[in-house]
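Here's a quick tour of one protein model, aimed at someone who would rather look at side chains than statistics. Have the structure open and follow along.

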Amino acid sequence: MTPTQGSVVSVSDYVRNGQRIRLKIMITALFGGITYGLSLLVDNPNQHVVLSIGTSLFIAGIVLVVQFLYEVDQRLETMEEAYRTSAAAIEGRSSAGFKNGSEATEAFAQVEASAMKTDAMTKLVRNSTRVEASPSLVFEFAEAEIASPSEMLKTVSEGADVTYEGEDRDWLLGLTKAALADIDATSLTTVDAGGKGFTDGGLWSSDLGQRYLDAQRDAIKRGVTIRRIFIMDRPELLTDPDFVSICRLHAELGITVRVLDPSKIAGTRRGSLFDFVIFDGVLSYQTTPASRVGDRTRPVIINTQLVTRPLAVQDRIQRFQDLWKAAQDIE
């Protein structure tokens, strides 16, 4: 409120107060005058003038007191109503504050009781609160980046499969870095090789392939056992020098490699073979490729899926064991 506004309000209040006082005086004088006139009519005006004046003043005083008490009662009712409104608003804000505080306390209590690292969760919350609302693009991007892993964690905690549209590299690299026991993987040449070989647009010559190999090297140093089956659904690549070089690189890293000719597996259809990686026997990472268009590049990955359902993971484990028995060591 500006000073000008404050002065206007004060003058207005002053005018209203003056009007109320004048009205009370007029009403009091009116009742006093009426009382005095009636007393003169009833009594002898020469003998009881003093009594008439006293009676009129007494009645006028009563009228003034009644007006005062009525105004006080009205103001008390107004103040009481304002108090109830204010109390309700304060109670509402307090309840919302206690509710938010209770939810926050409960959330942090769950973080403390969780098997996950508390400091990592605390850092996430602390860093997210530092994101400014402006510029809006950065803020909305940050919100989306928080919502995505949150939804993924919710799905995983419920024991359901998680699907990512397209090829996800973070899951593959993250799982490889987190593996503690073993990694069993299948690799279809249709998916991993490029147009004319493994170095012509293939996975292992790409940035993702190089990072994947680095992560596997570190995993082996931690004591993780890694096995890979190259499924030669393109038999002409079996003697490809690039393929032989890649197999040799895997062996140098400590990865046990076998080669499988799917035509030698009874009842196996090419459509039933797909790329999947089993981490520590509890989770399967798999991709769904689109149909290859020509022989120039790797096929586009339609989606990536994390399978955590125990029965589905056990099926992948058994499938890998069957393929491993049918596969042959690199000569």
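How many helices and strands does the protein chain have? There are 9 helices and 8 strands in the protein chain. Keep in mind that this is a predicted model. Of the 331 residues in the protein chain, 29% are buried. If you take the contacts between residues at least 6 apart in sequence, 71% of them join residues at least 24 apart.

**Aromatic pairs**

Now for the rings. The structure holds 5 aromatic pairs. One of them brings together Y164 and W171, whose planes sit at 65 degrees; planes over 60 degrees apart count as edge-to-face, so that is the label for this pair. Another is F320 with W324, and this pair is stacked. Here are the two side by side:

| Pair | Centre to centre | Angle between planes | Type |
|---|---|---|---|
| Y164 and W171 | 5.9 Å | 65 degrees | edge-to-face |
| F320 and W324 | 5.8 Å | 20 degrees | stacked |

How do these residues sit with respect to solvent-accessible area? Y164 has a relative accessible area of 36%, so it's partly exposed. Its partner W171 comes in at 15%, which is under the 20% cut-off, so W171 counts as buried. In the stacked pair, F320 is buried at 1% relative accessibility, and W324 is buried too, with a relative accessible area of 9%.

The F320 and W324 pair is easy to find: both residues belong to helix α9, which covers residues 310–326. They are 4 residues apart there, about one turn of the helix. W324 has a further neighbour, since R227 lies over the face of its ring, at 4.9 Å from the ring centre.

**The largest pocket**

W171 turns up again here. The largest pocket has a volume of about 820 Å³, and its lining is made up of 24 residues. Those nearest the pocket centre are M152, L153, W171, L175 and L306.

Which element gives the most to the lining of the largest pocket? That would be α4, with 7 residues. Elements that each supply at least two lining residues include α4 (136–157), β1 (162–165) and α5 (170–178).

As for chemistry, the lining of the largest pocket has 14 nonpolar residues, alongside 7 charged and 3 polar ones.

Methods
Residues numbered from 1 in each chain as written. Predicted model: local features only at pLDDT ≥ 70, side-chain atom pairs only at ≥ 80, totals over all residues. Heavy atoms only, no water. Phe/Tyr/Trp six-rings, centres within 6.5 Å; stacked < 30°, edge-to-face > 60°. Buried < 20%, exposed > 50% of the residue type's maximum accessible area, 1.4 Å probe, protein only. Lys NZ or Arg CZ within 6 Å of the ring centre and 35° of its normal. 1 Å grid on protein atoms, 1.4 Å probe; cavity = no way out; pocket = protein on both sides within 12 Å on 5 of 7 lines; lining within 4 Å. Points joined across faces, edges and corners; volume = space filled by probe spheres on them. Nonpolar A, V, L, I, M, F, W, Y, C, P; charged D, E, K, R; others polar. Contact = heavy atoms within 4.5 Å.
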